[in-house]
Structure formats: C-alpha cells, structure tokens
Amino acid sequence: NQNLHYKIASCCNPIYGDDIFGFTTINDGIKVHKKDCPNAIYLYSNYNYRVIKAKWEGLDNYQNSQFDVNIIIKGIDSRGLINELTRIISKKMSIDMRNIEFKTHSGLMDGKIDIQVTDESQVNKIIENIKKVNGVKQVYRE
C-alpha cells in the first residue's frame, strides 16, 4: 500500500472503478491508464518493464473527486430529444454537464455530452437511463 504521485492519462481518461495499470514515464512520473486503453498494447509490448500494477484505493479517498467523461449518443432525430437527454442528466441524476455537442443529418442525430462523475457506476447509470429514451439507438462512454 504505497501512496505514489500519479497523473491520469488523457488518452483513456480512467475513472474510479475502471481496471487500471500504472506506467512509469521518463519526465512525468506515473501515468494511470485503463487496461483497455488504446495505447495499452503498445506500452505492454514495448515498455513492459515500466508497467506497474495499480488499483484504486477505497472510495473514501475519491469521494470529492470529479472525473471528466464523454458520453456518445446516436439515434433518430426528433423534436425534444436533446431536451430529454439533458433533463435526465442534469435534473434526474444531478450530474454537471461541461459541454454539449449535437449534430443532425438525414433524420439521424450524433451527440457528445461531457460530464463530471464520481465513479464508473455513475457513468453506467447514466448510460442505462439514456438507453431508455425513445429514439436513442446507441450510447457509450468514449
């Protein structure tokens, strides 16, 4: 049980609850990556000697932490859809939104909502609630 200085890797943006590993960098200390990070295979295969096991300590250590997460939403465009999505996130779940981006084309909608969450379970609840919205065909964490 060591308390080491670390930074969250921006390539995969791990949040509390994700499976993670540490990577010892040359100039930036330890970077924490998700085990399914797009860079994980490269780091493991080329720099395995710099990879260290990592796990989140108890939730008490992160209770006041906020992690930035991008939620991607795809579906059928309809009047009021974006309003319903933001209502679920901000009112029903009391989650702060930092950025909202929606595009519509040929009756389809692509969206991205940047939110702040405390852990992975909160993200999963948001995704499950958004999946229930009529017209939403796909929703996932970026």
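**Figure 1. Ile72 and its partners across β5, β7 and β8 in the predicted model.** Ile72 stands opposite Tyr140 in β8. In β7, the residue opposite Ile72 is Lys112. Strand β5 (residues 67–76) is joined to strand β8 (residues 136–141) by five bridges, and the two run antiparallel. The pairing of β5 with strand β7 (residues 108–117) is likewise antiparallel and extends over ten bridges. Strands of a sheet pair through backbone hydrogen bonds, in either a parallel or an antiparallel arrangement.

**Figure 2. The open four-stranded sheet with the order β1-β3-β2-β4.** The pairing within this sheet is mixed. Because β1 and β4 (51–53) stand at the edges and each has a single partner strand, one side of each is left without a neighbour in the sheet. On average, neighbouring strands of the sheet are turned by 35 degrees against each other, direction ignored. Helix α1 (residues 40–47) packs on the sheet and touches β2, β3 and β4. The direction of helix α1 makes about 50 degrees with that of β2.

**Figure 3. Pairing of β2 with β3.** Strand β2 and strand β3 (residues 30–34) run antiparallel and are joined by five bridges. Within this pair, Phe23 has Lys31 of β3 as its bridge partner.

**Figure 4. Asn13 in the loop between β1 and β2.** The loop that holds Asn13 connects β1 (6–8) with β2 (20–24). Phi of Asn13 is near 50 degrees, a positive value in a residue other than glycine. Most residues other than glycine have a negative phi. Asn13 counts as partly exposed because its relative accessibility is 28%, which falls between the limits of 20% and 50%.

**Figure 5. Ser94 in the loop between α2 and β6.** Ser94 lies in the loop that precedes β6 (96–105) and follows α2. Although Ser94 is not a glycine, its phi is positive, at about 55 degrees. The relative accessibility of Ser94 is 59%, so this residue counts as exposed, for which the limit is over 50%.

**Figure 6. The surroundings of Thr86 in helix α2.** Helix α2 spans residues 81–92 and includes Thr86. Thr86 has a relative accessible area of 15% and is therefore buried, the limit being under 20%. When its neighbours within four places in sequence are left aside, Thr86 is in contact with Lys91, Met97 and Ile100.

Terms used:
Residues are numbered from 1 along each chain as its sequence is written. This is a predicted model: local features need pLDDT of at least 70, side-chain atom pairs count only at pLDDT 80 or more; totals for chains, interfaces and linings use all residues. Side-chain values use heavy atoms; hydrogens and water are left out. Buried means under 20% relative accessible area, exposed over 50%, partly exposed in between (1.4 Å probe, protein chains only). Contact means heavy atoms within 4.5 Å. Two strands pair if DSSP finds at least two bridges between them. Axes are lines fitted to C-alpha atoms, for helices over the stretch in contact, and angles run from 0 to 180 degrees between N-to-C directions.
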